[in-house]
Amino acid sequence: MLMDLSNLIRLKIDVLVHDPPHKSFLINILGDSFGSEHEKHASGFRSKVLNGTKFLAVGGDEIKGLVKFCDVASSTIERRLLRLKYWPKGKYLRYNKLHNIFDPVSDGIELILNDPNNIVEVGKELNKILSKIYGHVDEVTFYNVLYIAYELLWYSYGLPPSLADTRIPTHTVFDHLYSCTTIANMIMEVGSKVKLGGFYVVTDFPGIQRFVGSGRKAGDFWASSWLLSNVMWGVAEYFARRYGFDVIVSPTPRLNPYTLKSIKSWLNDIDVKVMVIEELKKAFTKAFKISEDELEELIDQPIIPATITLILPTIDLKNSEDVVKEISKAYISSWNSIVNEVFNKLESSGKPIEKFIHNHLSSVKDVVSLPPSGIRVFVVDVSKLYEALSKCVVDNDIDVCNNLGLKIDVKKLTNIIKSSGINYDDVILILLWHLMSTKATELASKFGSVRTPVPRPFWIFNDDMLRPISDKFVDRGGWEPCILCNSEPATIKLSKRVVKRDEREEIDFEERIEGLSDRDLQEFKKHFKPGEALGPYCLLKRAIYIVNIGRVKFVSTDDVLLGGTSNILLRLDTDYKFLRKLEESEDLREFDEGKRSLVMSLIKSEKGLIKDIDLIASMIETTYDGLVNMINRSVLNVCKELSNEHKVRFIGDTLRSLTLVTLGDEYIISPPNELKLFTDNPSVVRVDGICKAISIPKTFAIVRCDGDNIGKFLSGEKPLGLDEYVSKLLTIIEGAIKNSGIDEGILNYVRDGFNTLKELLSSLGFTYIPVSPARTVATSLALMMSAINDLRIVRSNYGMMIFSGGDDVLALTPSQTALKAAVESRRSFSDEYFRRIGNVVIPTIPTGRSVSVRFVNIADLMNYELSKTLELLEDLGKKCKWVINGKEYPKDTLVVSDSRIGISALLPLHKDLRKLTNTALIMGFLVGIGIISSNTPNDFINMVKDPKLLSEKGLEVITKYIIGRNIVTSTDRKSYAENFVELLNWWFNDGSNVRATIDGDVSNLINEVMNLLMIMRREL
């Protein structure tokens, strides 16, 4: 039987519900009768879900056999071994802890089923949704809705995931079921033996750093990432619509908010669409414990990476070249649909500014309707790879093995197969998925197809002349490069001129912008600056964020810069009417009500309001610096006035607001003693220091995060070798068996199974556990949840997410919250072995995460600063190794730098050393509020000269002395200085023994912290 689409969808539905979702809980309930009873429970749940549809009846014998095949093929390697002779039939292990699949440490997370009745409710809710769409949609859409709703509804009812197998408690039943559906795409033909085929595809957008890094406004960078995320999701969606969501290996569709957009576009009946989307949205908000507004924000944010991985069936794809053509077709279609949507929004808005953009973009629509570059594609033909593996493993063809990069001990492997009951098909399946998922880009050139695109040219050689592809690029006097990317020819050129106004010089547009009134022109200046020359793609990006202003919270760099100060002052406004007093201050009283309102709009928070300090400065006839200085002078005066009026209470509340925004709520709830020394005694905080700390900065921060060694985790090489992984897993199973009442003689079976596993993998040349489908889906889900979590962290720190891709992040934050965001993003990434987002519990990838925070001035060139942030991350953070008492901690580093003073500081982020870093950040905070003198780093430099010449003890003693003499308080300075140094004795002692090494260059942590203080005295 050749696999066709109808049978494939039938198979996938049967696979998805072949195990009950509460499988491991049933073992606790049913005991040894689980074997005969659990299929009845699975059938009962299936009936609740699929009642009233043609899928209620189970598929025929061939489909049943394929379900079994998918079940076995998708299982983890160690679970597959236990299914052989090493586990007695009819014995079931009662166990309810989930362990991290990447590192199965002994401490798992306990899974407790508090309300079994909710399982029935999930079945009913699923059936309600499926019944609504049945008869109104095709089979693929029906399946896709089931695919998304199943796991999502489970978590929305507060139910914990059950284990796929209590004997190998490293992945959930959902990991297993969803990986089974993925395997179904490789079934090409069914006969006496299942014939495998299909295509494993890795495709990406080339030159992503250059594309995203071209911009001036924060919205430009956001729009670049949004465009790439949606284009690449469009490619994935093209095939999901054709074959089912499970063809998307990465990024996972599971619990992915982008799937809502897809399903919505596939439902034609209005009533059906409204009902289904509302139910799914409700499930998302309940599962993640977020509001509907937060969900809409997730859908609008760029959380899809520029690389996607697919496994495509052979139903209507003949060969790998067909796949390349279809990928390219999907890519062009996805890009074009986004561009058309932007044009439609521009055309229908009726706003003069959007009409202006529409007119200019229309002149180069033939250019922007196609992407700036083709898509890179790597396709592995599964059948060809399977055939090669057969020749290598079964026929012992050494040349083929070498071509695959395999070094197999043939004699050892043959002996294991003969003695264990393992067959060659098992071995080939193990190797097949591992090789595809870890070496697809290498294998594609040998067993498939590769397409490497070139950037789109803007000039062509024709009739012995170099001609532009559009006359638009050479009108009005000739060719001019885009000032943002410096590679495209400009299609919009806004010439500038110097205008003198009241002895001030301002930059204005050289010519009147046609079709704009004076009021429109002021709005136009929020989006375009005199002197800007934008190429077609950079203008498209600008258009994208302009048409999305209503949905995106931050649309300008000034929004980000003002975010920290705005929130501090808004907190103070509640009890002290700070903003009203600010508006009535001496400086602001000079302006009429309209101009005062403009100035105050910079402080107030209002969604969709574009904050532009430079523009408002021009409107009130001053300069950027003049406006900021005036506001800060007024803030300082109001702060001092309220300090005189309310005394210690106001200082204490201001200090709490600063602490909350800059350090976090845990520092309010349970402050460390060195901070508590001052927060409990706000009367000693100098008014000048605390009032200056709430002023508007002229800098913001770029935050760049990247997981350490993620590539090796994806390939299975980290974090554990084969022996250590098996040993940890065996310890868990041994403990579970001893505590379950099962005959401990079974342990001998388990040990035999794991010994065979080690011998088998060793014979195949592995020193680690190969990647299985279950591990792949768990990894993909872990990265998706990390991307969502990072977005929440950036938002909670009043920042703007440019890109969140799972292990990597690019964001802009206020200067006050940047370091807090950096530490939170590292802590949430893998401090614990599991991450909880609402009701969803997901394993983390247990590796470090390096972060680069760069403080940049509002006038700095953003393209360069983004590049520099990444450069410092790679050259310092990724190369740094921390050493304390002989123990090494590679990478896992926070790099803090400043664009104006050329200094960088390194801090450790590993949780073993995090307390040292947290205290260093407190010291930076105390510099910002004036408790520690800003002159401290200078004293250190003057006294120490070269820290490398001092012993650790000498450095400790001198640093204590310098810090002690630089404590500044309003009263009793000496006593507070002595207490502070005493409380930090541990820090000086431990910190002096911590060293950062980069390519042989060694620096003491204390020296790095002094660099940090030198930076933070400018930034807080």
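**Exercise 1. Find the disulfides in this predicted model and work out the handedness of each.**

Start with the count: with sulfur atoms within 2.5 Å as the cut-off, the tally comes to two disulfides.

Step 1. Take Cys392 and Cys401, whose sulfur atoms sit 1.9 Å apart, so by the cut-off they form a disulfide. The torsion about their S-S bond is about 105 degrees, so this one is right-handed. Both cysteines are buried.

Step 2. Now go to Cys639 and Cys691, a disulfide with its sulfur atoms 2.0 Å apart. Here the S-S torsion is about -80 degrees, so the disulfide is left-handed. Cys639 belongs to helix H27 (residues 624-646) and Cys691 to helix H31 (residues 687-692), so the bond ties together parts that are 52 residues apart in sequence. Buried means under 20% relative accessible area, and Cys639 has 0% relative accessibility, so it counts as buried. Cys691, at 1%, counts as buried too.

Step 3. Number the bonded cysteines in sequence order, and the pairing reads 1-2, 3-4.

**Exercise 2. Decide what to make of Cys485 and Cys880: in a disulfide or not?**

Step 1. For Cys485, look for the nearest cysteine sulfur: that of Cys482, 3.8 Å away, and Cys485 is in no disulfide. Its relative accessibility is 18%, so Cys485 still counts as buried.

Step 2. For Cys880, the nearest cysteine sulfur is that of Cys705, 16 Å away, and again there's no disulfide. Cys880 is buried, with a relative accessible area of 1%.

**Exercise 3. Describe the surroundings of Leu404.**

Step 1. Begin with the core: the largest nonpolar core has 352 residues, and Phe288 and Leu404 are those with the most contacts inside it. Helix H10 (residues 218-243) is its biggest contributor, giving 15 residues.

Step 2. List the neighbours, leaving out residues up to four places away in sequence: Leu404 touches, among others, Leu385, Leu389, Leu443 and Phe447. Cys392 is also one of them, and that links back to Exercise 1, where Cys392 is bonded to Cys401.

**Exercise 4. Work out how strands E24 and E25 fit together, and whether E25 is enclosed or open.**

Step 1. Check the pairing: E24 (residues 893-898) and E25 run antiparallel, over five bridges. One bridge joins Leu894 to Leu907 in E25.

Step 2. Look at the turn: five residues lie between the strands of this hairpin, and Gly902 takes a positive phi near 65 degrees.

Step 3. Check burial: four of the five residues of E25 (residues 904-908) are buried, so the strand is largely enclosed by the rest of the structure.

Key: Residues are numbered from 1 along each chain as its sequence is written. This is a predicted model: local features need pLDDT of at least 70, side-chain atom pairs count only at pLDDT 80 or more; totals for chains, interfaces and linings use all residues. Side-chain values use heavy atoms; hydrogens and water are left out. A nonpolar core is a set of buried Ala, Val, Leu, Ile, Met, Phe, Trp, Tyr and Cys residues joined through side-chain atoms within 4.5 Å. Buried means under 20% relative accessible area, exposed over 50%, partly exposed in between (1.4 Å probe, protein chains only). Helices (H or I, at least four residues) and strands (E, at least two) are DSSP runs, numbered from the N terminus. Contact means heavy atoms within 4.5 Å. Two strands pair if DSSP finds at least two bridges between them.
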